[in-house]
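Trainee: I have the sequence and the model open, but I do not know where to begin. Please pick one spot, take a close look at it with me, and then show me how it fits into the rest.

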Amino acid sequence: LQNKKAMRLILTILLIGLFKAEGQMVINASQPYRSMVSPNLLLDDYPSAEGAWSLRKIRNAYTGAAVRVRKDTTGQPEEDINFIGNELDTASLKSFLNARSGFIVTWYDQSGNGRNATQTIQANQPRIANLGVIERVNSKVSLFFDGSNDELRCDDLATTVTGEDKPLSAIAVCIKTNENTTGNVLTFGRSTSATPLLIALSFLNTGNDYNFQLRDDANQNTLNTGGAYLQNTQYLIANYSTGLAFQLYSNNVSQLDFPYNRGTTTLNQATIGALRRNTIANWFGGSIQEVVFYSSDKETDRTGIEGNINTYYSIY
């Protein structure tokens, strides 16, 4: 009996101690409670991307910088700009630029494959800030491509996209700023040949169509969707493969469904902001915030991937 009373006393003391400890945690809390577990990001829910470039953090396991920026001033120094939480550290960017313009040297790949998109030629680097004012679209940070020579290139795709594997590319923002120029947003191809080209996604000034060009060693198809776009308007563009066909969506609306058996083509190059075939190039004039691509059929994941992007960027 005495043992039972002792046990009850001990339990009572422990419970009182727990309630006091819990109260102490609340009383001493100087900051609002925050979960230690980060919410799932785009590549957490839809992993295995071959390349992923974004001005927001899209993979929790990624610990690197977002971009490397060159300041347009004497000496033209460069600096990596990181994320704070899941957002670009715009305070550090503005502090580094000190009211000068900033240009992108490297857009870091968040897929985990190390496929960074770079530009060493200063005149060809897209802009992230103009005289200290950060480029934005719909309040979100963006990169501005001038339509004359700006592009970022990744020459490290190796042989990951081959045979019947065809990439999904999701471009969060495309704003056509020059009506007199055909805007080539994104291409996947081979840097060693002027002919083979897998995908070239463009906006056409003629008829304001989306243009989708497909090419392999034996075939070439250039397709105008007939879907008009508006100048200076934000779009989310996604193209993906169903195995023997290419499909193109704009703001979650189908623009193109084209049967096309590409056969075997090995790619080693992705170009953001230009149509690139070896020494041949045409450039896009406008803003891009995010590009993600996969070397697999993502038909069943398309709405989820686009929904994640649209939730953040509020495109449609």
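**A close look, starting at T118**

Mentor: T118 is partly exposed, because its relative accessible area is 32%. Residues here are called buried under 20% relative accessible area, exposed over 50%, and partly exposed in between, using a 1.4 Å probe and protein chains only. Before going on, keep in mind that this is a predicted model, in which local features need pLDDT of at least 70 and side-chain atom pairs count only at pLDDT 80 or more, while totals for chains, interfaces and linings use all residues. Residues are numbered from 1 along each chain as its sequence is written, and side-chain values use heavy atoms, with hydrogens and water left out.

Where does T118 lie? It belongs to strand 7, residues 117–118. Strands are DSSP runs of E with at least two residues, helices are runs of H or I with at least four, and both are numbered from the N terminus. Leaving out residues up to four places away in sequence, T118 touches V105, T106, E151, L152 and R153; a contact means heavy atoms within 4.5 Å. The C-alpha atoms of T118 and R68 are 9.1 Å apart in space, although 50 residues separate the two in sequence.

Now step back along the chain to Y108, in the loop between strand 6 (102–107) and strand 7. With a relative accessible area of 16%, Y108 is buried. Beyond residues up to four places away, Y108 touches A52, W53, Y62, A65, A66, V67, R68, D80 and N116. With D80 there is also a polar contact of 2.8 Å between the two side chains. That term stands for a pair of N or O atoms within 3.5 Å; within protein, one must be able to donate a hydrogen and the other to accept it, and residues adjacent in sequence count only if both atoms are side-chain atoms. Y108 and G64 are 44 residues apart in sequence, with their C-alpha atoms 7.9 Å apart.

Two of the residues touched by Y108, W53 and Y62, take us to the aromatic pairs. The whole structure has three of them. The rings of W53 and F293 have centres 5.9 Å apart and planes at 25 degrees, so this pair is stacked. Because W53 is in strand 1 (residues 51–54) and F293 in strand 26 (residues 290–294), the pair ties together parts 240 residues apart in sequence. W53 is buried at 1% relative accessibility, and F293 is buried at 0%. Y62 and F83 form an edge-to-face pair, at 6.5 Å centre to centre with 80 degrees between the planes. Y62 sits in the loop between strand 1 and strand 2 (67–71), and F83 in strand 4 (residues 83–84), 21 residues apart. Both Y62 and F83 are buried. The rule for rings of Phe, Tyr and Trp (its six-membered ring) is that they pair if their centres lie within 6.5 Å; planes under 30 degrees apart are stacked, over 60 edge-to-face, and the rest tilted.

V67, also touched by Y108, leads to the interior. The largest nonpolar core has 44 residues, and V67, W107, I128 and I272 have the most contacts inside it. Another core, of 14 residues, lies apart from it and includes A49, V292, I305 and I309. Such a core is a set of buried Ala, Val, Leu, Ile, Met, Phe, Trp, Tyr and Cys residues joined through side-chain atoms within 4.5 Å.

I128 has a contact with S142, as do L55, R127, E135, R136, V137, S287, I288 and Q289, leaving aside neighbours within four places. S142 is in the loop between strand 11 (140–141) and strand 12 (143–146), and it counts as buried because its relative accessibility is 1%. By contrast, S139, in the loop between strand 10 (136–137) and strand 11, is exposed at 54%.

Finally, the wider view. The chain has four helices and 26 strands. Of its 316 residues, 51% count as buried. Among contacts with a separation of 6 or more, 68% join residues 24 or more positions apart.
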